[in-house]
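Subject: Handing over a structure

Hello,

Here is the structure I promised to pass on to you. Please open it beside this message, and the notes underneath should help you find your way around.

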Amino acid sequence: MQFYYNKDQSILDFRDLQCPSVQRCIAAGVVVEKNDHEKGTVLVTSDGGKQWSFVEFKDRPLSMFFLNESTGWIAAEHGVWETEESGRTWKKLEGLKKGIQRIYFTSQSHGYAIGYPNALYETTDGAKTWSKLAATPEVTLAKSEAVSYDCIDFMGNHGLIMGRVIGPESDRLPAWIDPQQGARRRERKSIVVGIETFDGGKSWKSNTATAYGSLAEMRLLSNGAALVLFQYKDTYTVPSDLLKVKVGLKSPESVFSEHDRAVTDFLLLPAGDTFVASVVPPGNSNQVPIPGKLKILRSKNLKVWVEMDADYRAVAQRAVLAAVDAHHVWAATDTGMILNLVETGN
């Protein structure tokens with residue numbers, strides 16, 4: 001453990017973590033005080049985690065993307081913010097409103113902003129101006145429905161944006177509020193939307209499929225497939241499932257799914273290593289608001305998974321991962337903890 005927020009009457013919920021270099025990491029989160037007052041904050045380190053400095057942030061972060069050590073963006077509840085100083089200062093961008101969930105740049109000038117409702121934006125001048133995604137494929141929706149685009153990744157000219165159809169019945173009370181009713185509740189199918197390009201964003205095509213659970217994260221593989229994380233909020237056989245999917249594949253292939261490991265994030269590294277951050281769910285419900293033990297696993301082939309030793313103090317309901325390479329891996333939790341990989345040589 002490299003950092004632990006331990007202040008009376010408040011907690012720090014880390015929402016995202018980015019490490020653009022071995023020495024620089026940036027963590028963004030929300031401080032929740034005893035009166036439920038929330039304020040955004042950013043932590044930065046420039047010495048590999050030995051020291052962390054708080055930076056004021058005038059919004060509530062959702063996700064981050066860093067193009068290099070200096071330049072990065074935060075998608076927050078009320079807009080998108082940019083830094084050119086490694087997270088030490090932030091300015092709000094013009095042209096993008098609330099509802100943006102993710103920012104992704106393929107180069108210094110070319111980037112994307114996605115979110116809700118039906119938000120697909122593109123910039124070709126380094127975030128100075130934004131426009132609706134060119135040649136956006138048609139997605140058929142009912143009048144009461146919209147798409148929340150939540151995941152984006154590129155590998156060369158291959159890009160994939162994924163989201164889910166949101167309707168009036170999409171959100172339900174957590175099962176733990178009414179355990180008797182929750183025990184009888186089963187996951188419902190939802191419509192997942194994929195927007196895909198094979199020419200670097202010049203043209204796109206859409207696909208839809210039905211799936212159980214909530215779309216949480218997606219990363220592209222070098223063979224044209226993608227790893228997609230689904231989480232299950234209601235009573236289900238497992239709390240999460242990491243799936244390998246590909247257009248034309250008859251059925252998704254599960255690569256990691258265990259009844260006592262709720263996966264909250266994963267990393268794919270260029271050398272072939274995959275890291276999974278998970279927590280041990282307390283009780284039979286996947287939604288009980290009690291932190292569980294943090295468990296991090298590693299695989300070199302998506303078949304054999306090795307559980308790594310995690311700091312015994314590390315508990316969470318959610319953890320996010322960041323890495324420079326397989327030797328410099330970081331995790332941040334919604335309980336105010338930041339951990340990094342310490343290799344023993346074993």
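Below I go through what was found, from the whole chain down to single residues.

This is a predicted model, in which local features need pLDDT of at least 70 and side-chain atom pairs count only at pLDDT 80 or more, while totals for chains, interfaces and linings use all residues. Residues are numbered from 1 along each chain as its sequence is written, and side-chain values use heavy atoms, with hydrogens and water left out.

**The chain as a whole**

The protein chain holds 1 helix and 29 strands (DSSP runs numbered from the N terminus: H or I of at least four residues for helices, E of at least two for strands). Of its 346 residues, 50% count as buried (buried is under 20% relative accessible area, exposed is over 50%, and partly exposed is in between, with a 1.4 Å probe and protein chains only). Taking contacts with a separation of 6 or more, 43% are between residues 24 or more positions apart (a contact means heavy atoms within 4.5 Å).

On confidence, the average pLDDT of the protein chain is 88, and 89% of the residues score at least 70 (pLDDT is the predictor's confidence in each residue, from 0 to 100). Residues 172-186 have a pLDDT below 50, and this stretch has 21 contacts in the model beyond near neighbours in sequence. Where pLDDT is low, the predicted coordinates should not be read in detail.

**Two open sheets**

One open sheet of 4 strands follows the order E14-E15-E16-E17, with antiparallel pairing (strands pair if DSSP finds at least two bridges between them). Its edge strands are E14 (146-155) and E17 (205-212), each pairing on one side only. Neighbouring strands in this sheet are turned by 25° against each other on average, direction ignored (the axes are lines fitted to C-alpha atoms, for helices over the stretch in contact, and angles run from 0 to 180 degrees between N-to-C directions). Within the sheet, E15 (residues 158-166) and E16 (residues 189-197) are antiparallel and pair over 6 bridges; methionine 162 has glycine 194 of E16 as its bridge partner.

Another open sheet of 4 strands has the order E18-E19-E20-E21, again with antiparallel pairing. Strands E18 (214-220) and E21 (253-256) each have a single partner strand, so one side of each is left without a neighbour in the sheet. From one strand to the next, the twist averages 30°. E18 pairs with E19 (residues 226-231) in the antiparallel sense over 6 bridges, and leucine 215 stands opposite phenylalanine 230 in E19.

**Strand E11 and its partners**

Which residues of E11 point one way, and which the other? Gly111, Ala113 and Gly115 point one way, Tyr112 and Ile114 the other, and all are buried. In a regular strand the side chains alternate between the two faces of the sheet.

E11 (residues 111-115) has a partner in E10 (residues 100-105), joined to it by 5 antiparallel bridges. A hairpin of 5 residues links the two, and phenylalanine 105 has glycine 111 as its bridge partner. E11 also pairs with E12 (residues 119-123), antiparallel over 5 bridges, where threonine 123 is the partner of glycine 111. This second hairpin has 3 residues between its strands, and asparagine 118 in the turn has a positive phi of about 55°.

**The disulfide**

The count comes to 1 disulfide (a pair of cysteine sulfur atoms within 2.5 Å). It joins cysteine 19 to cysteine 25, S to S 2.1 Å. The torsion about that S-S bond is about 110°, so the disulfide is right-handed. Cysteine 19 is buried at 8% relative accessible area, and cysteine 25 is buried at 0%.

**Threonine 41 and aspartate 47**

Threonine 41 sits in strand E4 (residues 38-45) and counts as buried at 8% relative accessibility. Leaving aside neighbours within four places in sequence, its contacts include Leu12, Val31, Phe54 and Pro61.

Aspartate 47 lies in the loop between E4 and E5 (53-56) and is partly exposed, at 23%. Its side chain reaches the backbone nitrogen of glutamine 51 at 3.1 Å, a polar contact (N or O atoms within 3.5 Å; within protein, one must be able to donate a hydrogen and the other to accept it, and residues adjacent in sequence count only if both atoms are side-chain atoms).

Enjoy looking around!
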